[in-house]
Amino acid sequence: MDKKVEETLLKVADYSNEEKESFSKKIKYVFWVQLLGMGVYMAIDVAGLSDMPLYGAIIDLVLGLMLGGALTGLLYSSRYIARIKAAKMRLLKRSR
């Protein structure tokens, strides 16, 4: 193989690895937020504070974060995220 072609292939492979690593970090943060939310929910529920209005609001917020994290993880692990990214880019180009 030609040196230029080899260098180009190495750069593409490095870029692909960096992209996968960045993706993994994002998903890891989403799942950490979910686990934290689950812990907060369990703590409030076990303590029996879920009937109080303030703690009820906190539970609603935490359950929303957990559902949002689960849906985000599902989208990122499916094949549909590429379609969503492409649609987003088309919308951004139209708005300019």
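Here is a short briefing on the helices, buried residues and surface of this model. The structure is predicted, and the protein chain averages a pLDDT of 86, with 99% of the residues scoring at least 70. Two helices carry the story below: α1, residues 3-47, and α2, residues 53-77.

**Confidence**

- Among the elements of the protein chain, α2 has the highest mean pLDDT, at 90, while α1 has the lowest, at 84.
- A general word of care: where pLDDT is low, the predicted coordinates should not be read in detail.

**Helix geometry**

- With 45 residues at 1.5 Å a residue, α1 should span 66 Å, and its end C-alpha atoms are indeed 66 Å apart.
- Helix α2 has 25 residues and reaches 36 Å from its first C-alpha to its last, close to the expected 36 Å.
- Just after α1 comes Gly-48, which has a positive phi, near 75°.

**Buried residues and what covers them**

- On α1, the buried residues are Ile-27, Gln-34, Gly-37 and Ile-44, and their cover includes α2.
- On α2, the buried residues are Gly-56, Ile-59, Val-62, Met-66, Gly-69 and Gly-73, and here the cover includes α1.
- Read together, these points show each helix contributing to the cover of the other's buried residues.

**A closer look at Gln-34**

- Gln-34 is found in helix α1 and counts as buried because its relative accessibility is 15%, below the 20% cut-off.
- Leaving aside neighbours within four places in sequence, Gln-34 is in contact with Met-66, Gly-69 and Ala-70.
- Two of these partners, Met-66 and Gly-69, are themselves among the buried residues of α2.

**Partly exposed positions and the surface**

- Val-33, also in helix α1, has a relative accessible area of 41%, so Val-33 is partly exposed.
- Together with Leu-61 and Leu-65, Val-33 makes a nonpolar surface patch of about 270 Å².
- Ser-24 is another residue of helix α1, and a relative accessible area of 42% makes Ser-24 partly exposed as well.
- If you are looking for a long-range pair to inspect, Ser-24 and Tyr-76 are 52 residues apart in sequence, with their C-alpha atoms 9.8 Å apart in space.

Note on methods:
Residues are numbered from 1 along each chain as its sequence is written. This is a predicted model: local features need pLDDT of at least 70, side-chain atom pairs count only at pLDDT 80 or more; totals for chains, interfaces and linings use all residues. Side-chain values use heavy atoms; hydrogens and water are left out. Patches are made of residues with over 30% relative accessible area and no salt bridge: like charges are joined within 9 Å, nonpolar side chains (Val, Leu, Ile, Met, Phe, Trp, Tyr) within 5 Å. Accessible areas come from the Shrake-Rupley method with a 1.4 Å probe; for residues, only the protein chains shown count as cover. A salt bridge is a side-chain nitrogen of Lys or Arg within 4 Å of a carboxyl oxygen of Asp or Glu. Helices (H or I, at least four residues) and strands (E, at least two) are DSSP runs, numbered from the N terminus. Buried means under 20% relative accessible area, exposed over 50%, partly exposed in between (1.4 Å probe, protein chains only). The expected span of a helix is 1.5 Å times one less than its number of residues. Contact means heavy atoms within 4.5 Å. pLDDT is the predictor's confidence in each residue, from 0 to 100.
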